[in-house]
Amino acid sequence: MRRLDRWKKTLLLALAVASCEWMGAQTATILPAPVEMTMQEGYFRLADGMTICAEKDELYPVADYFAEAMKEMSGVTLKQVDTDGKKADIRLKISKDLSPEAYRLTVDADGVSVEAGGPAGAFYALQSVRLAIQPQDKTGIPLMHVADRPRFGYRGLMVDVSRYFVGKEELMKIIDCMSVLKLNKLHLHLTDDNGWRLEIKKYPRLTSVGAWRVNQTDRPFPDRRNPEPGEPTPIGGYYTQEDMKEIIRYAAGRCIEIIPEIDMPGHSNAALAAYPELACPSVDKHICVVPGMGQGSGNIIFCAGNEEAFRFLEGVIDEVAELFPSHYIHLGGDEAWKEYWKKCPRCADRMKQEGITHIEELQSYFMRRMSKYVQSKGKQVMGWDELTNSTLPDGAIIFGWQGMGNAALKAAAQGHRFVMTPARLMYLIRYQGPQWFEPLTYFGNNTLKDVYSYEPVGADWKENYESLLMGLQASMWTEFCNSAEDVTYQVFPRLAALAEVAWSPKGHKDWYRFVKSLDNYLYLLRSKGIRYSEAMFNIQHKAVAENGKVKVTLECERPDVAIRYTTDGMEPDISSPVYTAPLIVDHGGEIRCATFDGTGKMGKTLTLDMGWNLATGKEVISPNVSDKLLTNGVRGSLKQSDFEWTEWYTPEDASFTVDLGKASPVSRVVLGCLTHYAMGVHKPAGITVEVSADGQHFTKAASRTFTKQEIFKEGNFIEDLSFQITGGKAVRYVKVTTTDAGMCPEDHLKPGQQSRYRFDEIQVF
């Protein structure tokens with residue numbers, strides 16, 4: 001009976017929470033957060049036959065777009081009229097006192113009034129209207145006044161369509177969902193080692209050969225090996241120039257400028273597979289469109305000493321400049337490995353002719369020469385921050401990507417404009433939440449809140465740097481994508497966080513307001529059939545060994561959900577205990593937990609199987625701080641960066657010692673070991689286990705060595721390496737010493753790279 005009473009109380013509480021949240025949702029929620037916004041009670045309701053009037057011809061397309069969007073969203077049919085605008089229900093006008101992307105929006109009993117500096121401002125005002133309409137209502141626009149303008153002029157998304165080809169229709173869906181967030185630049189990474197994606201009529205082999213690669217989609221991108229000559233190449237695709245014109249028109253109708261990137265001199269295997277004569281004569285291997293990391297093929301780049309290479313690229317730029325109305329052409333310039341340049345007689349001759357004494361300045365020569373050609377077409381040049389490694393092309397705009405993007409400041413110091421897209425926070429290829437639930441990728445976490453928390457302007461910047469900062473970009477690299485749904489899953493909803501950082505004023509952030517505003521945007525994504533991540537509702541755990549027990553901390557990014565948990569093996573539900581403080585575990589068993597709001601379960605269930613043995617919860621003595629994970633009772637997953645794996649990445653041998661707390665009989669030691677071939681994670685060459693009663697005098701108890709074949713075995717798997725301990729003596733300390741396996745062999749995907757090893761748990765029985 002008491003259990004039933006508790007259930008009733010929990011249900012009533014949940015209903016009360018749901019009611020409060022629903023009532024709170026009646027206020028307008030707009031993404032990105034506007035500069036100024038005031039609210040009034042009530043709504044203006046859309047109805048069939050209402051009119052929309054654009055004061056100027058340039059606003060007609062904006063009015064048409066909004067009418068179509070409202071028809072799709074709410075079923076309401078709006079009629080565009082060109083009579084006296086004061087009598088229309090929705091009124092759009094130009095105000096000369098506003099900048100082109102700024103607007104003033106008023107919703108009152110008489111309808112919707114928009115004053116904008118230009119079509120873009122009017123478009124953005126109406127996006128605010130769309131996101132203020134609640135999904136439960138669909139026709140009610142909250143009464144409000146908004147005065148708004150963007151913080152930055154460049155608010156972008158880069159989509160890598162080379163590694164995974166995103167088709168025309170799928171790309172248009174992404175453009176649609178970008179535009180609602182008031183983003184205005186779509187940077188298309190059209191060429192790379194893995195595929196050339198744009199028709200160039202002068203060079204048909206770029207798409208007949210360079211757009212296609214072998215089928216190894218059954219393997220993750222880093223595991224894929226280069227093809228043998230003659231293998232079929234069925235995977236790929238490209239945009240015809242007519243396709244691209246259609247995409248450009250579609251984007252322009254949504255106030256988005258498409259910026260093409262033609263990468264050079266590196267990331268050029270797809271082009272060189274089609275025209276191998278443009279590579280250095282020192283290249284001694286098959287040039288192909290690579291399906292994965294490339295196994296050294298990344299060293300094959302355009303020959304800087306070959307005039308034909310420059311004529312070829314100029315021919316490409318001719319067609320790109322004519323096709324794209326964008327002010328910009330991005331020339332890449334990143335990760336150009338120069339192994340073959342150093343061996344190439346043509347490159348040596350070029351350096352001699354130009355008085356170049358350093359190989360990096362040869363790349364500068366290459367990029368400055370191509371930049372001048374782009375500028376002769378009336379375009380501005382963009383490039384990645386590796387261009388700062390040598391003399392910069394005149395006027396080049398630099399994208400800061402490495403780490404926190406600070407290499408771009410080297411360009412700013414020379415007066416160059418720049419865009420920030422730091423890999424550490426703005427690369428959407430990273431995991432966006434607890435990795436236990438996420439598709440395989442690499443490089444660790446980059447969550448929705450990480451993106452939202454980013455402030456691009458550094459406190460220690462020189463005075464003029466901020467004036468040179470054009471804006472921000474999120475970059476979506478597609479190595480791990482095999483479908484358009486994979487791409488959108490990684491992009492959304494993190495793109496909404498980028499949009500708010502790029503649009504809203506500095507110091508304007510409110511995480512709670514943002515995530516509540518996000519719910520309307522997620523509804524819009526669902527209505528368009530867009531797959532997106534719900535990682536923000538999932539739970540990240542941290543398990544720490546403390547005094548023979550394990551302290552388990554749980555957290556979720558969403559501040560408006562409760563974490564509920566069970567310890568009896570049952571699935572958590574709305575009646576399960578609410579997590580309020582770290583859980584202290586002193587025995588084996590399962591912890592299951594999930595997030596809930598007033599309507600029910602929101603996130604996926606996290607299950608922690610707390611395996612218990614003599615080492616669990618005990619102290620680890622080691623210079624490697626991550627070794628504390630070895631006794632926390634939680635096993636790691638196949639994802640090497642899931643925060644449950646220790647790591648050694650050194651040519652030196654390593655060791656750690658577990659203090660069992662008291663002397664106990666020990667018969668077996670088990671060490672969990674990860675192999676992640678593509679990332680160079682392997683077993684060590686040998687492992688020795690020693691035991692001691694006093695921590696001073698150790699006796700060798702067991703050891704194992706592994707052959708090169710065993711160490712460098714391909715795949716991604718976990719092994720439990722077991723060591724039998726004989727003798728029956730009481731043991732308090734267990735010491736493990738590893739012998740480094742050395743460099744990855746020449747036939748490895750990462751030849752010559754220092755191998756590393758990772759352990760997740762030591763179990764002592």
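In this predicted model, residue C255 occupies the loop that runs between helix α6 (241–252) and strand β14 (257–264). The backbone angle phi of C255 is near 65 degrees, a positive value in a residue that is not glycine. F643 is another residue other than glycine with a positive phi, in this case near 75 degrees. The loop that holds F643 lies between the strands β27 (619–621) and β28 (654–665).

The backbone may next be followed through two peptide bonds that precede proline. The bond leading from L31 to P32 is cis, and its omega angle is near -15 degrees. P32 belongs to the loop between helix α1 (2–24) and strand β1 (36–45). F492 and P493 are likewise joined by a cis peptide bond, with omega at about 10 degrees. Here the proline, P493, is in the loop between two helices, α16 (484–491) and α17 (494–503). P493 will appear again below, in the lining of a cavity.

From the loops, the reader may turn to the packing of helices. The arrangement of two packed helices is described by the angle between their axes and by the distance between those axes. Helix α4 (residues 168–180) packs with helix α18 (residues 511–527) at an angle of about 160 degrees, and the two axes are 11 Å apart. Because angles over 145 degrees count as roughly antiparallel, α4 is roughly antiparallel to α18. The crossing in which α4 passes α18 is right-handed. On the side of α4, the contact is made by C177, M178 and V180, while α18 contributes Y521, L524 and L525. In this contact of α4 with α18, six residues are nonpolar, none is polar and none is charged.

A second pair of helices is arranged in another way. Helix α10 (residues 345–354) and helix α11 (residues 359–376) pack with their axes 11 Å apart, at an angle of about 80 degrees. Angles from 65 to 115 degrees count as roughly perpendicular, and α10 and α11 are therefore roughly perpendicular to each other. Four residues named on α10 make the contact, namely C347, R350, M351 and E354, together with I359, L362, Y365 and R369 of α11. The residues in the contact of α10 with α11 comprise five nonpolar and three charged ones, with no polar residue.

The last part of this account concerns the space that the atoms leave unfilled. Rolling a probe the size of a water molecule over the atoms shows where such empty space is left. The largest pocket has a volume of about 1100 Å³. Its lining is formed by 43 residues, and those nearest the centre of the pocket are M293, E335, Y442, F443 and K750. Sorted by class, the lining of the largest pocket holds 18 nonpolar, 14 polar and 11 charged residues.

How many cavities of 30 Å³ or more does the model have? The count comes to two. The largest cavity has a volume of about 90 Å³. The residues that line the largest cavity are I429, P439, L440, T441, M476, F480, C481, D486, Q490 and R531. Of the residues in this lining, six are nonpolar, two are polar and two are charged.

The second largest cavity contains about 40 Å³ of space. Its lining consists of Q432, L448, P493, R494, S533, A535, M536 and E557. By class, the lining of the second largest cavity divides into four nonpolar, two polar and two charged residues. The proline P493 thus links two parts of this account: P493 is joined to F492 by a cis peptide bond, and P493 also lines the second largest cavity.

Notes
Residues are numbered from 1 along each chain as its sequence is written. This is a predicted model: local features need pLDDT of at least 70, side-chain atom pairs count only at pLDDT 80 or more; totals for chains, interfaces and linings use all residues. Side-chain values use heavy atoms; hydrogens and water are left out. Axes are lines fitted to C-alpha atoms, for helices over the stretch in contact, and angles run from 0 to 180 degrees between N-to-C directions. Angles under 35 degrees count as roughly parallel, over 145 as roughly antiparallel, 65 to 115 as roughly perpendicular and the rest as oblique. A crossing is left-handed if the near helix is turned anticlockwise from the far one by less than a right angle, and right-handed if clockwise. Contact means heavy atoms within 4.5 Å. Ala, Val, Leu, Ile, Met, Phe, Trp, Tyr, Cys and Pro count as nonpolar, Asp, Glu, Lys and Arg as charged, and the others, Gly among them, as polar. On a 1 Å grid over the protein atoms alone, a cavity is a set of points where a 1.4 Å probe fits but cannot get out, and a pocket is an open set with protein on both sides within 12 Å along at least five of seven lines; lining residues have an atom within 4 Å of a point. Grid points are joined across faces, edges and corners, and a volume is the space filled by probe spheres set on the points.
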